[in-house]
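Reader: I am in my first year and still learning how to read a model of a protein. Could you take me closely through one part of it, and then show me what else is worth following from there?

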Amino acid sequence: MKKFRKVLDGLTTSSPGGTVGSPSCGSAAGTPTAAPTPKEIDVQETLVSENFQLCKTVRHGFPYQPTALAFDPVQKILAVGSRTGGVRILGRPGVDCFCQHESGAAVLQLQFLINEGALVTACADDTLHLWNLRQRRPAILHSLKFNRERITFCHLPFQSKWLYVGTERGNTHIVNIESFILSGYVIMWNKAIELSTKTHPGPVVHLSDSPKDEGKLLIGFESGTIVQWDLRGKKADFRIYYDEAIHSVSWHHEGKQFMCSHSDGSLTLWNLRNTTKPFQVTFPHGKIQKDGRKESCKPILKVEYKTSRNSEPFVIFSGGLSYDKAGRRPTLTIMHGKAITVLEMDYPIVEFMALCETPYNNEVQEPYAVVVLLEKDLIVVDLTQSNFPVFENPYPMDIHESPVTCTAYFADCPPDIIPILYSIGAKHKKTGYSQKEWPIAGGTWTLGSHTYPEIIITGHADGSIKFWDASAITLQMLYKLKTSKVFEKPKPGEGRAAELVEEDPFAVQMVSWCPQSRIFCVVGISAHIILYRFSKYDANTQIVSLEVRLQCEQEDVISPSENENNPCFSEPSPHSPQPHHQHPASPSSGTPEGLKDSIPCLKVKDRVVRVPPGYQAELVIQLLWVDGEPPQQITSLDINSAYGLLAFGNCNGLAVVDYLQKTILLCLSTLDLYGAADPYQRLTRSPRRNRQSTSGLTELSDNQQSVDMERSKSPTSDHVNGHCTSPTSQPCSAGKPRVPMGPEGPRLTRRGPGRPPFRKAQSAACMEISLPVSHTEESRENSFSRSRSSSVSSIDRDTKEAITTLQFGESYGRKSDALPTPCLWVGTSLGVVLLIPMSIPTDQEERMEEPVTIGPSGAVLMLKGSVLRFGFLDCMGALIQSPHEVWRDLNAPEDPDRPRRRKLVNFSPSSSQDACGEGHLAVVCSERQAKVFLMPSQSCLFVHNITESSFVLRADVVSVYNSVCLACFCANGHVMTLSLPSLRPLMDVNYLPLTDMRIARTFCFTNGGQALYLSSPTEIQRITYSQEMCDNLQEMLGELFTPIETPEAQNRGFLKGFFGGNAHTFDREELFGEAAAGKASRSLAQHIPGQGGMEGMKVAASGAVGELARARIALDERGQRLGELEERTALMMTSAETFSKHAHELMLKCKDKKWYQF
């Protein structure tokens, strides 16, 4: 049993990252006023550090920057290599595995050991790796590092254990796959070409064995030289010297012809009977010009020549278009007989591969599909139908269809929400796909026992929202919502949207979703909020538009160059509530000087529109331009369906909207939220300014004046990638008060510390991150400050106090409150927490007619650093969920017997009081520390300084193991969990050694010990910090390898076998083994044993699957030892028989001799 202990709130330490002129980190935490000591409360904390372990679970999306492709035609699994050293292995839906080379070197080529459960990767650091795919988490068995030569091409014949490796010098080496040791057999480039040749043939670009005779190796050099090498005779059968560079070679299955693709856009067909000249030369896309010459064409990078029993051969190639067709998209051409089909692709082609029925290269190939790997997509074309349709891709390869700008993760959704979203989304699916089953169907996967409804939401740069079913470690698209349909289309290059953000005016910054009430809120880059309700019926609706004037005024800015005693006044007039409009003001409205004023950034559709079933827009809230300055981006948002309220804030202030009555309840600057008195002393480096008290928050008049004070530093005036990306930054130059500018002024200023195009900017999720401003692109991309944060940044820039987090909930607004009431918790960038109590009518009819009243702010709490997250616990330590409304379909037909009324859960103060006992606990986490307060006494019971050298990017109060903890992700890459309420450290793992902005922007925790982030622009990485899930992960993952009988080779017939050469008598072991070829030079390549062998598997094995694996390993080892024992016994028997024979011969020889004859 853990007891609450009293912790002094004022104990702080200075930050080592503090700079001259900036306040120390510790000084941001104030000392609370004397509060009555709370009575002792007992909380049973069940979580211990053994409950937590961090590991990656699964990666979704398209492999970023792909480089290589391979397919196992028997196992039917696909592998994709990437530029960063990653390998994705895909099978049937659910079979999706990600492997990473530790070196991070680009993957040049992939080769499956067909039907063996292994994969060879060749990387740009000239290393070969052998991966074991017979375990759910593949591991490297062997590596071979080439020291003196660079690898350019690899070829592994089917059912062979000898890998041919071509190099940049033109040499061909041979590697034993089993031992990963180089053979002494080497085909040197100067032996392969004629001695009379004066030039080097270039790197090896192709290697393949002849389908007719495995003892013949075809070597293609980049310069255009082709050599067929007799492996037995160690000599060249023939040499071809062609004028054009070679890119690829493909055999006819009979082994009598092969086809080459060249750099001039030509295809040459060669016959082995006559290799002096090509049998046929074609320019598939080159037309003859008027002067009789061929058009110059782009190179054909790859060609595949595949035969079919019942039709003409297929010739499939990429590239080869003429140069004069500017703007043509990348193409894949399929030549089938006389028919030529050109398939245009959306992205450049990286690699393609024809999928054939047989793994044998000397049989009729029968291609049935083509896998095309593009730079940003993977498509499979059906070759069995004449119109070549594509297969519907079952993998979530389109996460990046528009760049992902924000993410949200919900692991405890109502079970009915996923089927409903899927049924709505299924109506909008594309058609025209092939009717056949997806051909990449290898591996096995079953729905594990540890599954529950999970949904991932992604927001995108084009304003679209995607809902994904993430249950059971898979990912499937459920529903897509386009927020841009709410607005009129902005004209390109002109208008308000063009001046604000040129590229993506609808880009999504953050989302807020209440799964129980199905109310959904979207915050956009153009300082707009859209509120959606869910309905299963279509409807005709007119969207209500509210406009809010929430902007920094000239007088609000304080410059360090001013005299300390000179007060700076701000007019509260723009903070008074604005009347709502049905549609925005016209674009022409502005001040006489031509400055934009009181107009929004986007124009909402002001007509009745037909909306389909699904999420339907009900309300749009937009911030307005003020005096030629654009509205600052929204930094925080919360919505509560039980209260019917929506709150949002930015660097200028806070607004609360009643979305049921469509009215603005509150619109105040951050400073005015403090009410009539500010009981906290400000920092000595940020001198206290006298300020006139304001009247109640709801009674502001135009002639009032309030005195601002200089804050220590807003967390969000930070620069990322050379631009100020924080929503709370001010377009003011340091040390100078802002003055009105002309129409061009704000636009130029926003390019510096203001509003850049969205693709350069980040969402509000990372507004606390501070990066040094740099002028080089490389440093902009790679620099990441470890120690600077919002609360320790320099004071020499003019900034404002931003609203960084908001949360509605039942709480105590003042110490004297006896009962909990609806409250809004407000956290700011200076570590200040404000409570704003509200009075909400409980009767449904009164709620729609009577106004919601908001009282002056009550409790004021303080922490170090910008406030990130709130959480509420009852006095037993259980998580208090926010009250919510039960979903009801407003468009459903009326039922007179059952009128639709609002059903609220955990809303009434009495039920909250019963649940909470006497008071409740408030968990507040900032970017520096976490505190637990007892309400209503506001006593700080526990405090924990999370980090001194870095700062927290994301924090969430999450449920795990039927308990609750605080999970944090820091800028230095550490993932931590703290117990609640005692804030005892449970886990601290240095997970991401180098954090980048994408991860910081998209990292989010959820219940059940899970989290996710965008590991690349195209991929979502899911991780778990739960020990139980780590233990069960093997059960949840799919099996890559399935025992399948290798197809038997076709009977070749007597005549073909007799005249077809002695292909089946070729013994590679006899040629390449150490006995015949000797040992290779040790300096040529270095063997590196991998961690995936027996020893590695012993260590990695765990759980039930691990026990089976250990038993299997033990059996293998026992069988191996028995085999060795049997061999030794046989040798002893042989030697005994030999000794017996010699002894018998000696006995016969000496039998008749006398003793003196010896």
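**The core and its surroundings**

Author: The largest nonpolar core has 37 residues, and the ones with the most contacts inside it are Ile-455, Ile-457, Phe-467, Trp-513, Phe-520 and Tyr-615. Helix 2, which covers residues 417–426, supplies the largest share of this core, namely five residues. Please keep in mind while you look that this is a predicted model.

Phe-467 is a good place to begin. Leaving aside residues up to four places away in sequence, Phe-467 touches Leu-421, Ile-455, Ile-456, Ile-457, Gln-476, Met-477, Leu-478, Tyr-479, Trp-513, Phe-520 and Tyr-615. Of these partners, Ile-455, Ile-457, Trp-513, Phe-520 and Tyr-615 are also named among the residues with the most contacts inside the core. In soluble globular proteins, nonpolar side chains tend to be buried together. Apart from this core lies another one, of 27 residues, which includes Leu-668, Tyr-674, Leu-830 and Val-860.

From the cores we can turn to the sheets. One open sheet has five strands in the order 8-9-10-11-68, and the pairing is antiparallel. Strand 8 (107–113) and strand 68 (1085–1089) stand at its edges with a single partner strand each, so one side of each has no neighbour in the sheet. On average, neighbouring strands here are turned by 15 degrees against each other when direction is ignored. Strand 68 is joined to strand 11 (residues 139–146) by five bridges, with the two strands running antiparallel, and within this pairing Ser-143 has Ile-1088 of strand 68 as its bridge partner.

A second open sheet consists of four strands in the order 16-17-18-19, again with antiparallel pairing. At its edges stand strand 16 (204–209) and strand 19 (235–241), and because each has a single partner strand, one side of each is left without a neighbour in the sheet. Five bridges hold the antiparallel pairing of strand 16 with strand 17 (residues 216–221), where Asp-209 stands opposite Leu-217 of strand 17.

The loops deserve an equally careful look, and a general point helps here. Most residues other than glycine have a negative phi, and most peptide bonds are trans. In the loop between strand 63 (974–979) and strand 64 (985–990) lies Pro-981, and the peptide bond joining Leu-980 to Pro-981 is cis, with omega about 5 degrees. The loop between strand 63 and strand 64 also holds Leu-983, which is not a glycine and yet has a positive phi of about 55 degrees. Leu-983 counts as buried, because its relative accessibility is 3% and the cut-off for buried is under 20%.

Gln-159 makes a useful companion to Leu-983. Gln-159 sits in the loop between strand 12 (151–155) and strand 13 (162–167), and although Gln-159 is not a glycine, its phi is positive, at about 60 degrees. Its relative accessible area is 58%, so Gln-159 is exposed. A further cis peptide bond runs from Met-935 to Pro-936, with omega near 10 degrees, and Pro-936 belongs to the loop between strand 59 (929–935) and strand 60 (939–945).

Finally, confidence in the model should guide how you read it. The protein chain averages a pLDDT of 77, and 74% of the residues score at least 70. Over residues 1–39 the pLDDT is below 50, and this stretch has 90 contacts in the model beyond near neighbours in sequence.

Terms used
Residues are numbered from 1 along each chain as its sequence is written. This is a predicted model: local features need pLDDT of at least 70, side-chain atom pairs count only at pLDDT 80 or more; totals for chains, interfaces and linings use all residues. Side-chain values use heavy atoms; hydrogens and water are left out. Two strands pair if DSSP finds at least two bridges between them. Axes are lines fitted to C-alpha atoms, for helices over the stretch in contact, and angles run from 0 to 180 degrees between N-to-C directions. Buried means under 20% relative accessible area, exposed over 50%, partly exposed in between (1.4 Å probe, protein chains only). pLDDT is the predictor's confidence in each residue, from 0 to 100. Contact means heavy atoms within 4.5 Å. A nonpolar core is a set of buried Ala, Val, Leu, Ile, Met, Phe, Trp, Tyr and Cys residues joined through side-chain atoms within 4.5 Å.
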